[in-house]
Amino acid sequence: MDLRDLDSELVNCRRCPRLVAWREGAAAQSRARDEEYWSRPVPGFGPADASIAVIGLAPALHGSNRTGRMFTGDRSGDFLFEALHAVGLASQPHAVSRDDGMRLVDVRMASPVRCAPPENKPTPEERDNCRPWLAQELELLRPTLRAVVVLGAFGWQALLPVLSAACWTVPKPRPKFGHGVEVRLPATDGGAPLTLMGCFHVSPHNTFTGRLTQEMVRDVFRRAMVVADDQE
């Protein structure tokens with residue numbers, strides 16, 4: 001299996017009835033009702049040989065659940081792509097649709113939950129149902145993956161068990177999330193280590209209040225680029 005095979009399987013997942021109903025009913029809640037919504041699980045986005053992964057939370061109901069591409073079509077994505085473009089990791093600063101020409105450079109985006117959850121709050125069962133998708137994606141990225149930037153505490157907590165079950169050693173007690181936190185995880189397969197990095201989520205709640213600024217996000221990704229180069 002490669003990432004294309006994985007994505008093809010993922011977009012047909014109907015494992016969580018509550019999330020299926022919520023994502024498929026999204027268009028009826030939108031003012032732009034003439035727009036065709038993606039309304040399926042959202043696959044990862046970025047090259048298969050990425051050295052940096054970006055892990056979020058879940059698709060936004062009228063963002064990537066609408067457009068079908070991770071972090072595309074809402075204010076969170078606007079903020080994130082602006083930062084990625086500024087440091088050379090994205091081909092353009094704005095992402096509006098799956099066919100807008102956006103290319104990520106050495107970065108792959110994914111999330112622990114692939115369907116939009118009500119109130120942006122997936123249940124523990126929904127999170128666990130979705131875990132195998134992220135585990136398989138990271139396994140396929142393993143040959144080149146060197147750093148993971150996690151946006152927010154939910155993604156951090158959801159990712160740690162995946163890494164622990166894969167080929168990286170997560171310290172005990174488990175490291176706590178924080179902006180700028182950096183944890184080096186030794187590999188158990190004889191390969192390169194992985195550096196886990198924390199960044200406040202790029203949600204309007206953080207960006208509009210000034211808790212998270214463009215420069216703060218850019219600094220995290222600049223550091224991820226250095227780490228990825230050092231661990232080659």
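# Strand E3, its sheet, and the pockets and cavities

Along strand E3, Ala147, Val149 and Leu151 point one way while Val148 and Val150 point the other way, and all of them are buried. The model is a predicted one. In E3 (residues 147–151), five of the five residues are buried, so the strand is largely enclosed by the rest of the structure. The points below cover the sheet that holds E3, then the pockets, then the cavities.

**The sheet around E3**

- Five strands form an open sheet in the order E2-E1-E3-E5-E4, and the pairing is mixed.
- The edges are taken by strand E2 (107–110) and strand E4 (182–185); each has a single partner strand, so one side of each has no neighbour in the sheet.
- From one strand to the next, the twist averages 20°.
- Strands of a sheet pair through backbone hydrogen bonds, in either a parallel or an antiparallel sense.

**Partners of E3**

- Strand E1 (residues 52–55) pairs with E3 in the parallel sense, over four bridges.
- On the E1 side, Ile55 stands opposite Val150 of E3.
- Strand E5 (residues 194–199) also runs parallel to E3, and five bridges join the two.
- Two residues of E3 can be matched to E5: Val149 stands opposite Met197, and the bridge partner of Ala147 is Thr195.
- Helix H7 (residues 153–165) packs on the sheet, where it touches E1, E3, E4 and E5. The direction of H7 makes about 165° with that of E5.

**Pockets**

- The largest pocket has a volume of about 460 Å³.
- It is lined by 22 residues, of which Ala58, Pro59, Ala60, Asn120 and His201 are the closest to its centre.
- By class, the lining of the largest pocket has 10 nonpolar, nine polar and three charged residues.
- The second largest pocket has a volume of about 170 Å³.
- Residues lining the second largest pocket include Asp7, Trp38, Phe45, Met70 and the arginines Arg69, Arg98 and Arg108. Pro43, Gly44, Gly46 and Gly68 also belong to this lining.
- The lining of the second largest pocket divides into four nonpolar, three polar and four charged residues.

**Cavities**

- Searching the whole structure gives two cavities of 30 Å³ or more.
- The largest cavity holds about 100 Å³ of space.
- Of the 14 residues lining the largest cavity, Cys13, Arg15, Cys16, Cys115 and Cys130 are the closest to its centre.
- Helix H2 (17–24) and helix H6 (124–141) each give at least two residues to the lining of the largest cavity.
- That lining is made up of nine nonpolar residues, one polar residue and four charged residues.
- The second largest cavity has a volume of about 30 Å³.
- Pro112, Arg127, Arg131, Leu134, Ala158 and Val162 line the second largest cavity.
- H6 and H7 are the elements that supply two or more residues to the lining of the second largest cavity, and H6 gives the largest share, three residues.
- Four of the residues lining the second largest cavity are nonpolar, none is polar and two are charged.

**Elements that recur**

- H7 appears in two places: the helix packs on the sheet, and H7 also contributes to the lining of the second largest cavity.
- H6 contributes to the lining of the largest cavity and to that of the second largest cavity.

Methods
Residues numbered from 1 in each chain as written. Predicted model: local features only at pLDDT ≥ 70, side-chain atom pairs only at ≥ 80, totals over all residues. Heavy atoms only, no water. Buried < 20%, exposed > 50% of the residue type's maximum accessible area, 1.4 Å probe, protein only. Pairing = 2+ DSSP bridges. Axes fitted to C-alpha atoms, helices over the stretch in contact; angles between N-to-C directions. Contact = heavy atoms within 4.5 Å. 1 Å grid on protein atoms, 1.4 Å probe; cavity = no way out; pocket = protein on both sides within 12 Å on 5 of 7 lines; lining within 4 Å. Points joined across faces, edges and corners; volume = space filled by probe spheres on them. Nonpolar A, V, L, I, M, F, W, Y, C, P; charged D, E, K, R; others polar.
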